[in-house]
Amino acid sequence: MKVLLIPGSLRKKSFNKSLASHIKSSQSQKAEFEIFEINDIPMFNEDLEDNLPESVSNLIETIKSSDGIIIITPEYNNSLPAPIRNLIHWLSRKYSKPYILNKPLGITGVTDGGFGTVRAQHELLQLAVVVGMKVDANHRLPVSKAYDVFNDEGKIIDDGLKTKVDSFVDNYLEWINN
Ligand SMILES: Cc1cc2nc3c(=O)[nH]c(=O)nc-3n(C[C@H](O)[C@H](O)[C@H](O)COP(=O)(O)O)c2cc1C
């Protein structure tokens with residue numbers, strides 16, 4: 001079982017990247033997790049489609065070999081930030097869509113605010129339905145107050161959050177195994 005973890009933030013010290021790293025290292029006995037960072041994915045542009053950018057081809061190849069995807073997104077201005085929207089645009093095309101159709105999507109996200117990126121996650125859920133991914137609103141995990149639950153090195157220091165991540169991943173893996 002291989003699960004692709006896609007953080008939706010581009011910054012180096014991103015909490016969302018840190019959560020992806022935590023899942024990869026703490027859950028490795030349950031499944032194979034691979035992190036795909038989207039920093040090199042260009043803005044979607046139909047002019048680029050005749051000769052796909054290497055980063056987009058790599059993304060599609062990685063998705064082909066994955067049984068599921070977990071997107072870990074921040075929230076900007078009460079909404080889903082551009083990098084993940086852009087990613088979905090690239091994945092909705094004839095050369096990419098066959099590989100995301102019915103692909104099970106887990107959704108999580110970290111913010112330093114109090115609402116755990118729930119608005120961004122809800123928008124992503126709707127977008128994923130439109131492009132034909134397999135979604136279930138139960139497979140979402142909001143993470144709030146990032147500065148209280150991660151340390152300066154990006155490690156989770158809150159046992160309650162570790163437990164929530166464990167059960168989010170367990171439930172997700174059970175879902176995609178059935
Ligand atoms: C332009 C901008 C808008 C933001 N808007 C929201 C928001 O609407 N809701 C929220 O919970 N956090 C918001 N934040 C805070 C981010 O959740 C926070 O910066 C988070 O750490 C970003 O994720 P990252 O650490 O993975 O880069 C915003 C941050 C920025 C830079």
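**Close-up 1. The residues of strand 3 and the two ways they point.** Gly 68, Ile 70 and Ile 72 point one way from strand 3, while Ile 69 and Ile 71 point the other way, and all are buried. Here, buried means that 20 or more other C-beta atoms lie within 10 Å of a residue's own; exposed means 12 or fewer, partly exposed is in between, and C-beta atoms are placed from the backbone. Strand 3 covers residues 68-72, and because five of its five residues are buried, it is largely enclosed by the rest of the structure. Strands (E, at least two residues) and helices (H or I, at least four residues) are DSSP runs, numbered from the N terminus. As you find your way around, note that residues are numbered from 1 along each chain as its sequence is written. Please also keep in mind that this is a predicted model: local features need pLDDT of at least 70, side-chain atom pairs count only at pLDDT 80 or more, and totals for chains, interfaces and linings use all residues.

**Close-up 2. An open sheet of five strands.** Reading across the sheet, the strand order is 2-1-3-4-5, with parallel pairing. Strand 2 (32-35) and strand 5 stand at the edges with a single partner strand each, so one side of each is left without a neighbour in the sheet. Neighbouring strands are turned by 20 degrees against each other on average, direction ignored; the axes behind this angle are lines fitted to C-alpha atoms (for helices, over the stretch in contact), and angles run from 0 to 180 degrees between N-to-C directions. Two strands count as paired if DSSP finds at least two bridges between them.

**Close-up 3. Strand 3 and the strands it pairs with.** Strand 1 (residues 2-7) runs parallel to strand 3, and five bridges join them. Within this pairing, Leu 4 has Ile 69 as its bridge partner in strand 3. Strand 3 is also joined to strand 4 by four bridges, again in parallel. There, Ile 72 stands opposite Thr 108 in strand 4.

**Close-up 4. From strand 1 over helix 1 to strand 2.** Four bridges hold strand 1 and strand 2 in a parallel pair. Lys 2 finds its bridge partner in strand 2 at Glu 32. Between these two strands the chain passes through helix 1 (residues 15-26), making a right-handed β-α-β crossover. Right-handed means that, with the strands pointing away from the viewer, the path from the first strand over the helix to the second runs clockwise.

**Close-up 5. From strand 4 over helix 5 to strand 5.** Strand 4 (residues 105-110) and strand 5 (residues 140-143) run parallel, joined by four bridges. One of the paired residues is Gly 109, whose bridge partner in strand 5 is Pro 142. The chain travels from strand 4 through helix 5 (residues 118-130) to strand 5, and this β-α-β crossover is right-handed.

**Close-up 6. Thr 117 in the loop between strand 4 and helix 5.** Is this residue buried or exposed? Thr 117 is buried, because 29 other C-beta atoms lie within 10 Å. Leaving aside residues up to four places away in sequence, Thr 117 touches Thr 73, Pro 74, Glu 75, Gly 109, Val 110, Thr 111 and Pro 142. Such a contact requires C-beta atoms, placed from the backbone, within 7 Å of each other.

**Close-up 7. The shell around the ligand.** Which residues are closest to the ligand? They are Ser 9, Ser 14, Pro 74, Thr 111 and Gly 113, and 17 residues surround the ligand, each counted if its C-beta atom, placed from the backbone, lies within 6 Å. By class, the shell has six nonpolar, eight polar and three charged residues. Ala, Val, Leu, Ile, Met, Phe, Trp, Tyr, Cys and Pro count as nonpolar, Asp, Glu, Lys and Arg as charged, and the others, Gly among them, as polar.

**Close-up 8. Asn 77 and Asn 102, two loop residues with positive phi.** Asn 77 sits in the loop between strand 3 and helix 3 (82-91). Its phi is positive, about 50 degrees, although Asn 77 is not a glycine. Asn 77 is exposed, with 8 other C-beta atoms within 10 Å. Asn 102 lies in the loop between helix 4 (97-100) and strand 4, and its phi is near 65 degrees. With 8 C-beta neighbours inside 10 Å, Asn 102 counts as exposed.

Key. Two residues are in contact if their C-beta atoms, placed from the backbone, lie within 7 Å.
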